[in-house]
Amino acid sequence: MTYSNSLRALVLSGGGGRGAYHIGVLRFLEEHEWNPNIIVGTSIGAVNGAAIASGHTAHSLWALWRRLKTDDVQRRTWDLFSLDKWNHLLDTAPLRRTLIEEGWIDLSRINAQPASKHLRITVVEMETGRLRVFGNSPDPSPGGHCEHVVITLDHILASCSIPMVYPPTEIDDVAFWDGGTVANTPLGPAIDAGAEDIVVVLMTPWEDQENHPRYVPVGGVQGLLSAAQAAFEWALLASFQADLKLFHRTNQVVRLTIENARLRAENEALKVQLHRKPPPSYPAGAVDLLHQEINPPVIVSPQHPIPLADIIRYNPDNHEGLYQMGYKDARAAWARAGRPVEGGGRD
């Protein structure tokens, strides 16, 4: 497959204030003329994905992140004297205001038809735990799971509604939680959308052992806080691990299907030569019915764990470090994938 003509998808995982990491990765990709046609996002990945679908580049999006503070995203809603009444710690009303007033999101551009960027946002039904995928365009095949809707701020905020931390967000009388509750790095929606060349951005370290991601804490799991973070990161990686296994198994089936078709064609050709019969006629376009194998995704992830506190902490100094980390890790992942890395630095 030639990458230049492939349908490209960028999959952005959740992680709250860690989201500046995405922008460093995006900057590297843009420098290498890799621009996504499809963006799949969960939680802060939905925010950044919607911003990209709104027309933002890494440069303009980084300008927004550089001045983003905790008060622009959330506010406290509980006190010690009413602990029996609250069901969440923080309110996302400031984020709703920030996304519109600071120019992060352009809903008219996101929902324009035909879509210039195919956006997919994942959420979870609070009552059932069912994962749902909302998009500004339909999936190309009937087997896709995307629900084509008019994307609103509620869809974006629903994907950010971390249970207990933020309140659920209602859409059409259904309460939703953060998509990361079930699938923090949703690879499946990118494939359903027709992606052939995929870049996945994790915000959890992992090692690739026979294509299975594994979170590796520095120094091992030692102490209560380390154990808590390890359990949290493992939970975030679990769904992506399942998606990746399914991805590789699907590719194996495709390879076997293509090989079987090749052998059948050779067998029919031999029969023609042996019996001097005319070659069998196949329906027009029969070969087109075969699926194509998808290249393994380029997976970008940090080398070391990012503190859990950064999920609900938005600090410009932290953003700078995460931005640079994302750029560096994208460069390393690109090289590991065997793709050419351009020389020169970044400003």
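At what angle do helix α1 (residues 20-31) and helix α2 (residues 44-53) pack, and how far apart are their axes? The legends below start there. This is a predicted model, in which local features need pLDDT of at least 70, side-chain atom pairs count only at pLDDT 80 or more, and totals for chains, interfaces and linings use all residues. Residues are numbered from 1 along each chain as its sequence is written, and side-chain values use heavy atoms, with hydrogens and water left out.

**View 1. Helix α1 packs with helix α2 at an angle of about 40°.**
The two axes lie 10 Å apart; axes here are lines fitted to C-alpha atoms, for helices over the stretch in contact, and angles run from 0 to 180 degrees between N-to-C directions. That angle makes α1 oblique to α2 (under 35 degrees is roughly parallel, over 145 roughly antiparallel, 65 to 115 roughly perpendicular, and the rest oblique). Helices (H or I, at least four residues) and strands (E, at least two) are DSSP runs, numbered from the N terminus. The crossing of α1 past α2 is right-handed, meaning that the near helix is turned clockwise from the far one by less than a right angle, with anticlockwise being left-handed. On the α1 side, look for H22, I23 and L26; on the α2 side, I44, G45, N48 and I52. Contact means heavy atoms within 4.5 Å. By class, this contact has 4 nonpolar, 3 polar and no charged residues; Ala, Val, Leu, Ile, Met, Phe, Trp, Tyr, Cys and Pro count as nonpolar, Asp, Glu, Lys and Arg as charged, and the others, Gly among them, as polar.

**View 2. Helix α2 is mostly covered, and S43 sits in the loop that leads to it.**
How many of the 10 residues of α2 are buried? The count is 10 of 10, and among them are I44, V47, N48 and I52. Buried means under 20% relative accessible area, exposed over 50%, and partly exposed in between (1.4 Å probe, protein chains only). S43 lies in the loop between β2 (38-41) and α2, and its phi is near 60°, a positive value in a residue other than glycine. With a relative accessible area of 5%, S43 is buried too. After α2 comes G55, whose phi is also positive, near 110°.

**View 3. Helix α1 also meets helix α9 (residues 316-336).**
Here the axes come within 6 Å and cross at roughly 45°, so α1 is oblique to α9 as well. Again the crossing is right-handed. Residues of α1 in this contact include A20, Y21, G24 and F28, and those of α9 include H319, L322, Y323 and W334. I23 is on the list for α1 here, just as I23 is for the contact with α2. The residues of the α1 and α9 contact divide into 12 nonpolar, 3 polar and 4 charged.

**View 4. V199 is one of the residues with the most neighbours in the largest nonpolar core.**
That core has 55 residues, and L10, W65, W104 and V199 touch the most other members. A nonpolar core is a set of buried Ala, Val, Leu, Ile, Met, Phe, Trp, Tyr and Cys residues joined through side-chain atoms within 4.5 Å. Leaving aside neighbours within four places in sequence, V199 is in contact with A9, L10, V11, L29, W34, V298, V300 and W334. Apart from this core lies another, of 13 residues, with A9, L187, A190 and A193 among them. In soluble globular proteins, nonpolar side chains tend to be buried together.

**View 5. Strand β9 (residues 174-178) holds A175, and the loop ahead of the strand holds D172.**
A175 is buried, at a relative accessible area of 12%. Not counting residues up to four places away in sequence, A175 touches V124, E125, M126, P168, T169 and E170. D172 lies in the loop between β8 (169-171) and β9 and counts as exposed, at 72% relative accessibility. Its phi is positive, about 50°, although D172 is not a glycine.

**View 6. A cis peptide bond joins Q113 to P114.**
Omega is near 0° for this bond. P114 is in the loop between α5 (107-110) and β5 (118-125).
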